[in-house]
Amino acid sequence: RENPVVYFHDGDDVILVASSFGRDKHPAWYHNLRAHPSVTLNGQPFSAAEVTDHDDYERLFALATRVYPGYADYRVRTDAIGRRIPVLRLTQA
């Protein structure tokens, strides 16, 4: 499957934010990555993993809001309903 996503780099890694526009459920592509973490981005193979370290998550989410300020609004919405927006790190395979 192919999905357009907003991403940015953290060193050599690619960072994805599974915001789903602040809706109450994670996007389908997030579930696909969790089930099948081997992915291709721009013709390059990567392995996906969810960022679980709190400090790293907060640092990356802050960077994400610099790339796309709307993520801050989405976080307000999801915090209100108890959903934590997943951040994923893609590392070259």
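What radius of gyration would a compact globule with 93 residues have, and what value does the protein chain have? In this predicted model, the protein chain has a radius of gyration of 13 Å, which agrees with the value near 12 Å for a compact globule with 93 residues. The C-alpha trace spans about 35 × 25 × 20 Å along its principal axes. Of the 93 residues, 39% count as buried. The chain holds three helices and five strands, and from the N terminus on these elements follow the order β-β-α-β-β-α-α-β.

The aromatic side chains were examined next. A search of the whole structure finds six aromatic pairs. One of them joins F21 and Y74, whose ring centres are 5.9 Å apart and whose planes stand at 75 degrees; because planes over 60 degrees apart count as edge-to-face, the pair is placed in that class. F21 belongs to the loop between β2 (13-17) and α1 (28-35), whereas Y74 belongs to helix α3 (residues 70-81), so the contact ties together parts that are 53 residues apart in sequence. The two partners can also be described by their accessibility. F21 has a relative accessibility of 49% and therefore counts as partly exposed, while Y74, at 8%, counts as buried.

Another edge-to-face pair is formed by Y68 and Y71, with 5.1 Å from centre to centre and 85 degrees between the planes. Here Y68 is partly exposed, with a relative accessible area of 35%, and Y71 is buried, with a relative accessibility of 5%. Ring pairs link both of these residues with F21, Y57, F61 and Y74 into a cluster.

Two rings of this cluster, those of F61 and Y57, also have an arginine over them. R75 lies over the face of F61, 4.6 Å from the ring centre. Over the ring of Y57 sits the charged end of R84, at 3.6 Å from the centre of that ring.

Y68, a member of the aromatic cluster, also takes part in a nonpolar patch on the surface. This patch consists of V6, V67 and Y68, which together have about 240 Å² of accessible area. V6 is located in the segment before β1 (7-10). With a relative accessibility of 44%, V6 counts as partly exposed, because this class lies between the limits of 20% for buried and 50% for exposed residues. Y68 thus contributes both to the edge-to-face pair with Y71 and to the surface patch with V6 and V67.

Technical notes: Residues numbered from 1 in each chain as written. Predicted model: local features only at pLDDT ≥ 70, side-chain atom pairs only at ≥ 80, totals over all residues. Heavy atoms only, no water. Phe/Tyr/Trp six-rings, centres within 6.5 Å; stacked < 30°, edge-to-face > 60°. Helix = DSSP H or I, 4+ residues; strand = E, 2+ residues; numbered from the N terminus. Buried < 20%, exposed > 50% of the residue type's maximum accessible area, 1.4 Å probe, protein only. Lys NZ or Arg CZ within 6 Å of the ring centre and 35° of its normal. Patch = residues over 30% accessible without salt bridge, like charges linked within 9 Å, V, L, I, M, F, W, Y side chains within 5 Å. Areas by Shrake-Rupley, 256 points an atom, 1.4 Å probe, with all protein chains shown as cover. Salt bridge = Lys/Arg side-chain N within 4 Å of Asp/Glu carboxyl O. Rg over C-alpha atoms; globule rule 2.2 N^0.38 Å.
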